[in-house]
Number of protein chains: 2
Amino acid sequence: MNISAASTMCGLPVKTVRYYADIGLVVPASRTEAGYRLYDDEAVRRLVFVRRAREFGFSIGECRELLGLYADRRRSSADVKRIATRRLRQIASKQRELQSLHDELAHLVEACSGDDRPDCPIIDGLGRRHSGE
Amino acid sequence: MNISAASTMCGLPVKTVRYYADIGLVVPASRTEAGYRLYDDEAVRRLVFVRRAREFGFSIGECRELLGLYADRRRSSADVKRIATRRLRQIASKQRELQSLHDELAHLVEACSGDDRPDCPIIDGLGRRHSGE
DNA sequence: CGTAGGGTTTCCAGCAACAGGAGAGTCAAC
DNA sequence: GTTGACTCTCCTGTTGCTGGAAACCCTACG
């Protein structure tokens, strides 16, 4: 199938599929004489795999690792688990960061009257070197 | 003061201070004859303000807006609150996204034995079109 | 058979928000 | 007067694409 059919099947934009081919992440099964990329079912499966992994926030590099394990029949599930666990820790860390951000900003927003006067705890809070002061 | 003194005072790398000057976000108070950027206390306050706002995840564009309000004595706190509230919603939305991501991935990781056998629910889960299947 | 329309190819630019480095000028101290 | 630190501008690279231009290709229609 050509690139637009593959694009439809895997749920990625044509541009992205082409990009993945360019960087050697998911290469087409072959090319026509005119140079058109041709994808088979296996290539589409790999594209779907990458889309899902990207949705999980895995970087292109991690996708490459996972894709290597995806096709490797001698892989150990421990290898996969290690990568996934690392990503899980990243997510948890980001969550904590967002939480404190949210709390701090919400605190400022609550303190702000939000009327037409210029006095604003949010501006004041941002202008201060450390938020806790 | 020169750029490295300003950098130290505001807590931003020299490169970033220079970048902010280039894009017109925080311009130096003046220049020496040799072209060296000179910052005064007011400029440093603006740099600190931007650093803090960036730490809160405000984009450069939003920093520009906030900086405009920061200096504006006729501002209404409602304007500031509107921008901050918008950002707060972005944070909350990102939090929800991360949460479902975390849950889904944690689910897969838990199901994975993590030994030297190739069977791996994580790989299987990523390969599937929709995770819920 | 010609052509109109789609699809496809390559390459080039650009997004955010800087970081790194080259090469040249500047400044203060010894 | 020369060393060494600092600064300047300009260019490239980062991540993961997205959009566009110019050219080629393919099919259908008349």
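This passage walks through the contact between two protein chains, the surfaces they turn to two DNA strands, and three individual residues. The model is a predicted one.

The interface of the two chains comes first. Chain B puts 54 residues into the contact and chain A puts in 53. Together they bury about 4,700 Å², and carbon and sulfur atoms account for 68% of that area. Salt bridges across the interface number two. One of these links the side chains of Arg52(A) and Glu104(B), with N and O 3.5 Å apart. Polar contacts join 18 residue pairs between chain A and chain B, with both partners at pLDDT 80 or more. On the side of chain B that touches chain A, at least two residues each come from helix H3 (41-55), helix H4 (60-71), helix H5 (77-111) and helix H6 (121-127). Of these, H5(B) has the largest share, at 21 residues. Sorted by character, this side of chain B has 27 nonpolar residues, twelve polar ones and 15 charged ones.

Turning to the DNA, strand D has 18 residues around it. The ones that come nearest are drawn from both chains: Lys15(A), Thr16(A) and Tyr20(A) on one hand, Ser4(B) and Arg37(B) on the other. Where DNA strand D comes within 4 Å of the protein, 73% of its atoms there are sugar or phosphate, and the remainder are base atoms. Several side chains reach phosphate oxygens of this strand. For Thr16(A), a side-chain N or O atom sits 2.4 Å from one. For Arg54(A), the distance from a polar side-chain atom to a phosphate oxygen of strand D is 2.8 Å, and for Asn2(B) it is 3.2 Å. Two elements give two or more residues to the surface near strand D, namely helix H2 (14-22) of chain A and helix H1 (3-10) of chain B. H2(A) gives the most, with four residues. Overall, the surface near strand D is made up of eight nonpolar, five polar and five charged residues.

DNA strand C is surrounded by 17 residues. Closest to strand C are Tyr36(A) and Arg37(A), along with Lys15(B), Thr16(B) and Tyr20(B). Sugar and phosphate make up 69% of the strand C atoms within 4 Å of the protein, and bases make up the rest. Phosphate oxygens of strand C are again met by polar side-chain atoms. Arg37(A) places one 2.5 Å away, and Asn2(A) places one 3.0 Å away. From chain B, an N or O atom in the side chain of Thr16(B) lies 2.8 Å from a phosphate oxygen of strand C. The surface near this strand takes at least two residues each from helix H1 (3-10) of chain A and helix H2 (14-22) of chain B. H2(B) gives the most here, with four residues. By character, the surface near strand C splits into seven nonpolar, five polar and five charged residues.

Three single residues round out the picture. Ser76(A) belongs to the loop that runs between helix H4 (60-71) and helix H5 (77-111) of chain A. Because its relative accessibility is 13%, Ser76(A) counts as buried. Leaving out residues up to four places away in sequence, Ser76(A) touches three residues of the other chain, Asp115(B), Asp116(B) and Arg117(B).

Ser77(B) sits in helix H5 of chain B. Its relative accessibility is 0%, so Ser77(B) is also classed as buried. A polar side-chain atom of Ser77(B) lies 3.1 Å from the backbone nitrogen of Asp115(A). Residues of chain A that Ser77(B) touches include Cys112(A), Ser113(A), Gly114(A), Pro118(A) and Cys120(A), and Asp115(A) is among them too.

Ile60(A) is part of helix H4 of chain A. With 23% relative accessibility, Ile60(A) counts as partly exposed, because buried means under 20%. Apart from neighbours within four places in sequence, the contacts of Ile60(A) are Tyr20(A), Ile23(A), Leu25(A) and Arg54(A). Of these, Ile23(A) lies 37 residues away from Ile60(A) along the chain, and the two C-alpha atoms are 9.7 Å apart. Two other contacts of Ile60(A) also turn up at DNA strand D: Tyr20(A) is one of the residues that come nearest to this strand, and Arg54(A) has the polar side-chain atom 2.8 Å from a phosphate oxygen.

Key
Residues numbered from 1 in each chain as written. Chains lettered and ligands numbered in written order. Predicted model: local features only at pLDDT ≥ 70, side-chain atom pairs only at ≥ 80, totals over all residues. Heavy atoms only, no water. Contact = heavy atoms within 4.5 Å. Buried area = accessible area lost by both parts, 1.4 Å probe. Salt bridge = Lys/Arg side-chain N within 4 Å of Asp/Glu carboxyl O. Polar contact = N/O pair within 3.5 Å; in protein donor to acceptor, adjacent residues only side chain to side chain. Nonpolar A, V, L, I, M, F, W, Y, C, P; charged D, E, K, R; others polar. Near = heavy atom within 4 Å. Buried < 20%, exposed > 50% of the residue type's maximum accessible area, 1.4 Å probe, protein only.
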